[in-house]
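Colleague: I should like to understand how the terms applied to this model are justified. May we go through them one at a time?

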Amino acid sequence: MNAFFENIPLFSELNTSEINAVAALATTHHFNKNNMIVQEGERGDALYIILKGSVKISSYSSDGREVILSLLEPGSFFGEMSLLDQQPRSATVTTLGDTTVLQIRRNNFEHLLLKNPSLTMKLLTEVVHRLRRTSQVLERISTMDVPHRLYNYLQDYCNRFAKQKNGQIIVRLPTHQLIADQLSTSRETISRAISALKKEGIISPISNSREVIIDTEAIDTLLFSMQ
């Protein structure tokens with residue numbers, strides 16, 4: 001467990017004894033696919049760190065339409081905003097598959113923040129990054145057509161999750177439905193747009209794998225063409 005915390009950027013500057021203290025505060029919780037971990041509007045009293053699986057962060061419009069703000073994978077955390085301002089949860093977090101999370105209660109986490117200023121700064125930096133990303137999500141929905149929303153999304157997703165192998169950018173993309181929910185469009189529209197990118201060789205499937213190779217330079221060119 002300690003090795004897991006050491007590899008999380010949020011805790012990377014803590015020493016061994018501090019990592020041990022963090023690990024001692026964490027409790028493990030398991031959730032099945034499509035289970036809600038936290039709900040928008042409810043009282044927030046804990047920080048969660050994803051140990052295994054993945055989740056979606058979403059909010060709902062006045063007409064009940066879901067807008068997915070972000071996808072998080074192992075090593076990512078959520079629930080930090082309610083810890084900082086003690087306000088109700090700002091979004092709903094739902095599992096995308098069987099997921100295991102570590103939970104640290106507010107009182108214990110506040111004690112860690114007071115003892116470790118570097119931890120506080122990293123947490124605040126991540127909060128700012130997420131707010132900027134949410135702002136970008138809303139901006140591209142309101143100002144871009146669907147193809148350019150997709151190009152922007154692929155660029156951001158590759159920056160966050162892709163790996164490089166033999167000079168190629170390889171990533172496992174979410175389902176077309178999940179992408180559509182993040183871009184406020186239909187699954188069919190996203191499927192057509194991704195099929196077009198495959199025909200142009202910008203997205204290349206890898207045999208016997210759910211991963212794909214993405215030509216990020218071509219994506220950049222497509223984005224530049226809208227300016």
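Modeller: Certainly. Let us begin with Glu-126, which has a relative accessible area of 23% and is therefore classed as partly exposed. Please bear in mind that this is a predicted model.

Colleague: Why is Arg-130 called buried?

Modeller: The relative accessible area of Arg-130 is 17%. Buried means under 20%, so Arg-130 counts as buried.

Colleague: What makes the pairing of Arg-130 with Glu-126 a salt bridge?

Modeller: The closest N and O atoms of Arg-130 and Glu-126 are 2.8 Å apart, and the cut-off is within 4 Å. The pair therefore meets the definition of a salt bridge. Both residues lie in helix 5, 4 residues apart, which is about one turn of the helix.

Colleague: With which residue of helix 3 does Arg-130 pair?

Modeller: That residue is Glu-80 in helix 3, 50 residues apart from Arg-130 in helix 5, and the pair links distant parts of the chain. Here the closest N and O atoms are 3.2 Å apart, again within 4 Å. Both Arg-130 and Glu-80 are buried.

Colleague: How do you know that Lys-56 and Glu-66 form a salt bridge, and what does the pair tie together?

Modeller: Their side chains meet at 3.1 Å, N to O, which satisfies the limit of 4 Å. Lys-56 belongs to strand 4 and Glu-66 to strand 5, so the bridge ties together parts that are 10 residues apart in sequence. At 14% relative accessibility Lys-56 is counted as buried, and Glu-66, at 18%, is buried too. The structure holds 8 salt bridges.

Colleague: Why are the buried residues of helix 4 said to line one face?

Modeller: The buried residues in helix 4 are Arg-106, Phe-109, Leu-112 and Leu-113. Seen down the helix axis, they fall within an arc of 120°, so they line one face. The face turned away from this buried side carries the exposed residues Asn-107, Leu-114 and Lys-115. The buried residues pack against several elements, including helix 2, strand 3 and helix 5.

Colleague: Is Leu-124 buried, partly exposed or exposed, and why?

Modeller: Leu-124 has 37% relative accessibility and so counts as partly exposed: buried requires under 20% and exposed over 50%. Leu-124 lies in helix 5. Together with Leu-84 and Met-121, Leu-124 forms a nonpolar patch on the surface, with about 270 Å² of accessible area.

Definitions and conventions: Residues numbered from 1 in each chain as written. Predicted model: local features only at pLDDT ≥ 70, side-chain atom pairs only at ≥ 80, totals over all residues. Heavy atoms only, no water. Patch = residues over 30% accessible without salt bridge, like charges linked within 9 Å, V, L, I, M, F, W, Y side chains within 5 Å. Areas by Shrake-Rupley, 256 points an atom, 1.4 Å probe, with all protein chains shown as cover. Helix = DSSP H or I, 4+ residues; strand = E, 2+ residues; numbered from the N terminus. Buried < 20%, exposed > 50% of the residue type's maximum accessible area, 1.4 Å probe, protein only. Arc of directions from axis to C-beta. Contact = heavy atoms within 4.5 Å.
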